[in-house]
Amino acid sequence: MSTKAKERRAVLDQVLTARATATPTERPALAPRHLGPIAEQANLYAEHVALRAKHYDEAKAQGLILLRLDPKTVRTTKFKNRNDRSLLVHDPKFIKLTKSLAAHGQETPIRVRPVKDALPFEFEIVSGHRRHAACLALDVVTQGGFPIVAIVDAAVEETRDFVLKMYRENADREDLSPFETGAMFRQWLDAKVFPTQEAISVATGQSKQNVGKYIALGSLPDYILAAFRDPRVLSLRWSSDLTGACEARGSDLKALAEELAKRTPAPNPETVFAELIATVPKPKSGAARASESIKEGNKVLFELSAREGRYGIRLGKHVDKRLRRDLQHDLKEWLHAWIKARSPGAPK
């Protein structure tokens, strides 16, 4: 090999060696510690996409579609079962909900149904009035608006299906107050969605007695509600007594209620109730019948009633009917032991 050829070969080797040892600068290598979080985020995103796809397929199969809507295009319904106080910006629970939505976003969609010829509204709420009101409040103060996530339920067409779906979603959350429930049931009757209280009982699974108590509570005159300041504090067990006081005391009760409404500081609900029924004559013991519902969460396990030494038990609709025979046997054994222990002279 000539001297010049050797020189050219040496220069070429130098160039190739320099290229081989050069460190790339366009895409720096990731440190090993960075790979874990990136892989974790990728897995989480993949799971999120898969879950959203699953929800979309399920919703599509059921006639339901999940959308992000301008809350201003969604209207409330005349059958809303929320007291207006629950939708006020200074209500403590409403403030808590609004702050949660602002910080974490909307995790639970509302449910809406399409409406026609109602512009600017395109949808009507089936359930989620508080979430909608909170999104409306945030929409005003958020640059670019605050959309609301909604399930469009095209399957809700009949009014009865509509109100029952609204009722069930709130019942599952144990969120409606007794007064709101009573006002809702009364509205169903007024609008002839259901013909009778018994029909409401059958549709909701509530006992006829409780339906009557709820409706009586939701039908109390405005002056009674004003005495409590917030009707959502009313207890269902007060229903019969307050109704009886209205019938027995008339104008005297109205004057007392108006005085209680102005009293400062505001008395607690128990005090208001006690004063309103203080002079109402109690029914005779022979005609009295006490009844109590025993619940686990929002489900009635059984109702216990008593009258003149007679006791009755009505099992809740969620209790398996096949348990009745065992219950009767165990109850008989327990009652025999109970009476024997407390009444020495009782037959064995």
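These legends walk through close-up views of one predicted protein model.

The model is predicted, so local features need pLDDT of at least 70 and side-chain atom pairs count only at pLDDT 80 or more, while totals for chains, interfaces and linings use all residues. Residues are numbered from 1 along each chain as its sequence is written, and side-chain values use heavy atoms, with hydrogens and water left out.

**View 1. The whole protein chain has 13 helices and 8 strands.**
Helices (H or I, at least four residues) and strands (E, at least two) are DSSP runs, numbered from the N terminus. Of the 348 residues in the chain, 31% are buried; buried means under 20% relative accessible area, exposed means over 50%, and partly exposed is in between (1.4 Å probe, protein chains only). The accessible surface comes to about 23,400 Å², with 55% of that belonging to carbon and sulfur atoms. Those areas come from the Shrake-Rupley method with a 1.4 Å probe, and for residues only the protein chains shown count as cover. Take the contacts between residues at least 6 apart in sequence: 63% of them join residues at least 24 apart. A contact here means heavy atoms within 4.5 Å.

**View 2. Strand S3 (110–114) pairs with both S5 and S4.**
With S5 (residues 148–153), S3 pairs in the parallel sense over 3 bridges. Two strands pair if DSSP finds at least two bridges between them. To find your way from S3 to S5, look for Arg-111, whose bridge partner in S5 is Ile-151. S3 and S4 run antiparallel, joined by 4 bridges, and here Pro-114 has Phe-123 of S4 as its bridge partner. Because 4 of its 5 residues are buried, S3 is largely enclosed by the rest of the structure.

**View 3. Strand S5 is covered on both faces.**
In a regular strand the side chains alternate between the two faces of the sheet. On one side of S5 sit Ile-148, Ala-150 and Val-152, and on the other Val-149, Ile-151 and Asp-153, all of them buried. That is 6 of 6 residues, so to speak a mostly covered strand.

**View 4. The loop between S3 (110–114) and S4 (123–127) holds a cis proline, Pro-120.**
The cis peptide bond joins Leu-119 and Pro-120, with omega about 10°. Asp-117 is in the loop between S3 and S4 too. Asp-117 has a positive phi of about 55° although it is not a glycine. Asp-117 is exposed, at a relative accessible area of 84%.

**View 5. Helices H6 and H8 cross at roughly 95°.**
Two packed helices are described by the angle between their axes and the distance between the axes. The axes of H6 (178–190) and H8 (residues 208–218) come within 7 Å, and the crossing angle makes H6 roughly perpendicular to H8. The contact residues divide into 9 nonpolar, 3 polar and 1 charged. From H6, Phe-179, Phe-185 and Leu-189 are among those taking part, and from H8, the residues include Val-211, Tyr-214 and Ile-215. Axes are lines fitted to C-alpha atoms, for helices over the stretch in contact, and angles run from 0 to 180 degrees between N-to-C directions. Angles under 35 degrees count as roughly parallel, over 145 as roughly antiparallel, 65 to 115 as roughly perpendicular and the rest as oblique. For the classes, Ala, Val, Leu, Ile, Met, Phe, Trp, Tyr, Cys and Pro count as nonpolar, Asp, Glu, Lys and Arg as charged, and the others, Gly among them, as polar.

**View 6. Met-184 is a buried residue of helix H6.**
Its relative accessibility is 2%. The C-alpha atoms of Met-184 and Gly-218 are separated by 7.8 Å, though the two residues are 34 apart along the chain.

**View 7. Lys-192 sits in the loop between H6 (178–190) and H7 (197–204).**
Phi of Lys-192 is near 60°, a positive value in a residue other than glycine. Lys-192 is exposed, with a relative accessible area of 70%.

**View 8. Helices H10 and H11 pack at an angle of about 120°.**
The axes of H10 (residues 239–249) and H11 are 6 Å apart, and the two helices are oblique to each other. Ala-245, Cys-246 and Arg-249 of H10 meet Ser-251, Asp-252, Leu-253 and Leu-256 of H11. By class, that contact has 4 nonpolar, 1 polar and 2 charged residues.
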